[in-house]
Amino acid sequence: LFRSFLLTPLARRLGARVGVAISAVLFGMMHISDPQAVPPLIILGAVLGGLRLASGSVWPALLLHIGNNAMAFSLLLLSMESGAL
C-alpha cells in the first residue's frame, strides 16, 4: 500500500525525497497504538521507501518488511516465554 499506491504518485509529483518522507511518516502513524514504536517505524518506512525506489520493485521492500515483522514477532514470543511481559 505505502510503497506502491502512495509512494509512486507522491514521488512522481513531489520528488523522491519528499515522497519517501511523506509515505514514511504515514507508515509510522499507522502504528500510533504504540507511540514508542512510531519514530523507529518512520525510519523503517523511509528505508523501505528508498529501497522501493532504488530497486524499481516492491519486492525487496516487501521482503525486508516481512523480515522485520518476523524478527519483532520472534522477540515478542521469546519475551513471553521468559516471562518478561
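Start by selecting Thr8: here helix H1 bends by about 25 degrees, and within four residues a proline, Pro9, follows. Keep in mind on this tour that you are looking at a predicted model.

**The rest of H1**

Now extend the selection to residues 2–14, the whole of H1. Put a distance between its end C-alpha atoms and you will find that H1 spans only 15 Å, whereas a straight helix of 13 residues would span 18 Å at 1.5 Å a residue. Next, colour Phe2, Arg3, Leu7, Leu10 and Ala11, the buried residues of H1. What lies over them? The cover includes helix H2 (16–29), helix H3 (38–55) and helix H4 (59–81). Before leaving H1, click on Gly15, which follows the helix and has a positive phi, near 100 degrees.

**Where H1 meets H2**

Show H1 and H2 together. At what angle do H1 and H2 pack? The angle is about 145 degrees, and the axes of the two helices are 7 Å apart. Turn the view to see how H1 passes H2: the crossing is right-handed. To see what makes the contact, show side chains on both helices. From H1, pick Phe2, Arg3, Leu6, Leu7, Leu10, Ala11 and Leu14. From H2, pick Ala16, Val18, Gly19, Val20, Ile22, Ser23, Leu26 and Phe27. Colour this set by class and you get 12 nonpolar, two polar and one charged residues. Phe2, Arg3, Leu7, Leu10 and Ala11 should look familiar here, as they are the buried residues of H1.

**Two glycines in H3**

Move on to helix H3 and select Gly45, which sits in this helix. Is Gly45 buried or exposed? Its relative accessibility is 1%, so Gly45 counts as buried. Leaving aside residues up to four places away in sequence, Gly45 touches Arg3, Ala24 and Phe27. Zoom in on Ala24: its C-alpha atom is 4.2 Å from that of Gly45, although the two residues are 21 residues apart along the chain.

Stay in H3 and select Gly50, another residue of this helix. Gly50 has a relative accessibility of 31% and therefore counts as partly exposed. Draw a line from its C-alpha atom to that of Arg12, 38 residues away along the chain, and the separation is 14 Å.

**Helix H4**

Select residues 59–81 to bring up H4. How many residues does H4 have, and what span should they give? At 1.5 Å a residue, its 23 residues should span 33 Å, and the end C-alpha atoms are 33 Å apart, which agrees. Then highlight Ala61, His65 and Ser79, the buried residues of H4. Their cover includes H1, H2 and H3. Finish this stop at Gly83, which follows H4 and has a positive phi, near 80 degrees.

**Zooming out**

Show the whole chain as a cartoon. There are four helices and zero strands, and along the sequence the pattern reads α-α-α-α. Along its principal axes, the C-alpha trace spans about 50 × 25 × 15 Å. Colour by accessibility next: of the 85 residues, 26% are buried. If you draw a contact map as a last view, keep pairs with a separation of 6 or more; residues 24 or more positions apart account for 39% of those contacts.

How values were computed
Residues are numbered from 1 along each chain as its sequence is written. This is a predicted model: local features need pLDDT of at least 70, side-chain atom pairs count only at pLDDT 80 or more; totals for chains, interfaces and linings use all residues. Side-chain values use heavy atoms; hydrogens and water are left out. The expected span of a helix is 1.5 Å times one less than its number of residues. The bend at a residue is the angle between axes fitted to the seven residues ending there and the seven starting there. Buried means under 20% relative accessible area, exposed over 50%, partly exposed in between (1.4 Å probe, protein chains only). Contact means heavy atoms within 4.5 Å. Axes are lines fitted to C-alpha atoms, for helices over the stretch in contact, and angles run from 0 to 180 degrees between N-to-C directions. A crossing is left-handed if the near helix is turned anticlockwise from the far one by less than a right angle, and right-handed if clockwise. Ala, Val, Leu, Ile, Met, Phe, Trp, Tyr, Cys and Pro count as nonpolar, Asp, Glu, Lys and Arg as charged, and the others, Gly among them, as polar.
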